[in-house]
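Student: Could we go through this protein together, one question at a time? I would like to learn how to reason from a structure.

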Amino acid sequence: IGQAYQGLIVDGLFQAASTLGHALVLATSTPHRDVADGLRSLLLERCEGIILIDPDISVDALAHIVDRTPAVLIGSSTELSDVDEIHSRDDVGIQLLVDHLIGTGRRRITHVDGGAETAARRRVERFGQAMEQRGLADSAQVVPGGGDEDSGARAVQHLIESGELPEALLCFNDHCAVGALMELRRQGVRVPQDVAVTGYDGIPVTAASAFSLTTVRQDAGLIAEVAVRALLARMHPDQDGQDGRIPAEVAGENRPLGGRLYRVVPDLVIRDTTARAA
């Protein structure tokens with residue numbers, strides 16, 4: 001589990017599985033243990049179904065797993081057929097952040113991207129679309145970042161050295177935003193007076209008074225519940241029970257390759273890092 005947000009998802013999976021009367025076995029990947037190793041250990045445990053969170057695994061390796069047991073993916077897309085996916089609505093989340101920043105009087109907004117992280121490309125695209133819709137495509141900038149604090153700090157250092165510090169930073173996730181925020185303060189840049197900062201995910205640390213970070217809160221509990229229910233429906237397709245029933249507030253649609261895509265709507269949490277500049 002590389003991100004705090006993923007930890008929230010795992011906690012939600014345990015809660016949902018327990019509520020629905022099922023046991024959850026956890027397998028993690030580390031720098032010395034890849035996803036395929038974890039999946040093999042689950043198969044040895046004779047798990048009836050598998051939920052993968054942003055798996056860093058090849059399509060061929062994933063196909064080998066899916067052929068043997070029902071699987072559901074959280075946060076990532078696959079070219080495999082007949083697989084269920086659960087995503088957060090990044091289009092909604094990014095639009096909420098852009099609209100909020102514009103509403104506070106900011107126009108020059110820079111997105112610190114997520115580098116190689118799973119959702120990075122999707123959020124860059126959504127950022128460009130959101131700025132274009134508001135007529136601010138020329139004021140939008142994207143700089144290299146990543147999913148950790150060091151990435152956010154490096155992005156700020158680059159912007160300061162290039163003399164192109166914007167009015168607002170829309171960071172890939174909360175970890176990146178915390179790193180950017182701390183580096184801005186270290187460099188004597190005032191937040192939010194000089195630069196506003198936003199994160200993404202809504203992990204608990206963002207509410208701490210030391211950060212008070214504006215962010216988009218992804219509903220990890222609901223995403224986890226949908227994943228568990230979707231998997232149970234796959235494991236027991238002949239049963240018309242309540243366990244596999246997806247909550248009514250979650251939109252679902254058929255994937256072109258088969259299976260279902262479920263998308264959960266996030267919400268905006270406004271805090272001090274985006275207060276209107278005096």
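Student: Which residues form a negative surface patch?

Tutor: Good place to begin, and keep in mind that this is a predicted model. Asp and Glu count as negative, so we look for those residues at the surface. The negative surface patch here is formed by Glu 117, Asp 148, Glu 149 and Asp 150.

Student: Is Glu 117 buried, partly exposed or exposed, and where is its place?

Tutor: Buried means under 20% relative accessible area and exposed means over 50%, with partly exposed in between. Glu 117 has 32% relative accessibility, so it counts as partly exposed. As for its place, Glu 117 is in the loop between strand S4 (109-112) and helix H5 (120-133).

Student: Now the inside: which helix gives the largest share of the largest nonpolar core?

Tutor: In soluble globular proteins, nonpolar side chains tend to be buried together. In this model the largest nonpolar core has 24 residues, and Ile 9, Leu 13 and Ile 86 are among those with the most contacts inside it. Helix H1 (4-19), strand S2 (71-74), helix H8 (220-235) and strand S10 (260-264) each give two or more residues to this core. The largest share, eleven residues, comes from H8.

Student: How many salt bridges are there, and which residues are linked in a network of them?

Tutor: Side chains of opposite charge can pair when their charged atoms come close. The count comes to twelve salt bridges. The residues linked in a network are Asp 90, Arg 122, Arg 123 and Asp 201.

Student: Is Arg 123 buried or exposed, and how far apart in sequence are Arg 123 and Asp 90?

Tutor: Arg 123 has 5% relative accessibility, so it counts as buried. Asp 90, at 2%, is buried as well. Their side chains meet in a salt bridge of 3.3 Å, N to O. Arg 123 is in helix H5 and Asp 90 in helix H4 (residues 90-103), which puts them 33 residues apart.

Student: What parts does the pair of Asp 201 and Arg 123 tie together?

Tutor: These two residues form a salt bridge, with the closest N and O atoms 3.9 Å apart. Asp 201 is buried, at 6% relative accessible area. Asp 201 lies in the loop between strand S7 (196-198) and strand S8 (215-217) and Arg 123 in helix H5, so the pair ties together parts that are 78 residues apart in sequence.

Key
Residues numbered from 1 in each chain as written. Predicted model: local features only at pLDDT ≥ 70, side-chain atom pairs only at ≥ 80, totals over all residues. Heavy atoms only, no water. Patch = residues over 30% accessible without salt bridge, like charges linked within 9 Å, V, L, I, M, F, W, Y side chains within 5 Å. Areas by Shrake-Rupley, 256 points an atom, 1.4 Å probe, with all protein chains shown as cover. Salt bridge = Lys/Arg side-chain N within 4 Å of Asp/Glu carboxyl O. Charge placed at Lys NZ, Arg CZ, Asp CG, Glu CD. Helix = DSSP H or I, 4+ residues; strand = E, 2+ residues; numbered from the N terminus. Buried < 20%, exposed > 50% of the residue type's maximum accessible area, 1.4 Å probe, protein only. Core = buried A, V, L, I, M, F, W, Y, C linked by side-chain atoms within 4.5 Å.
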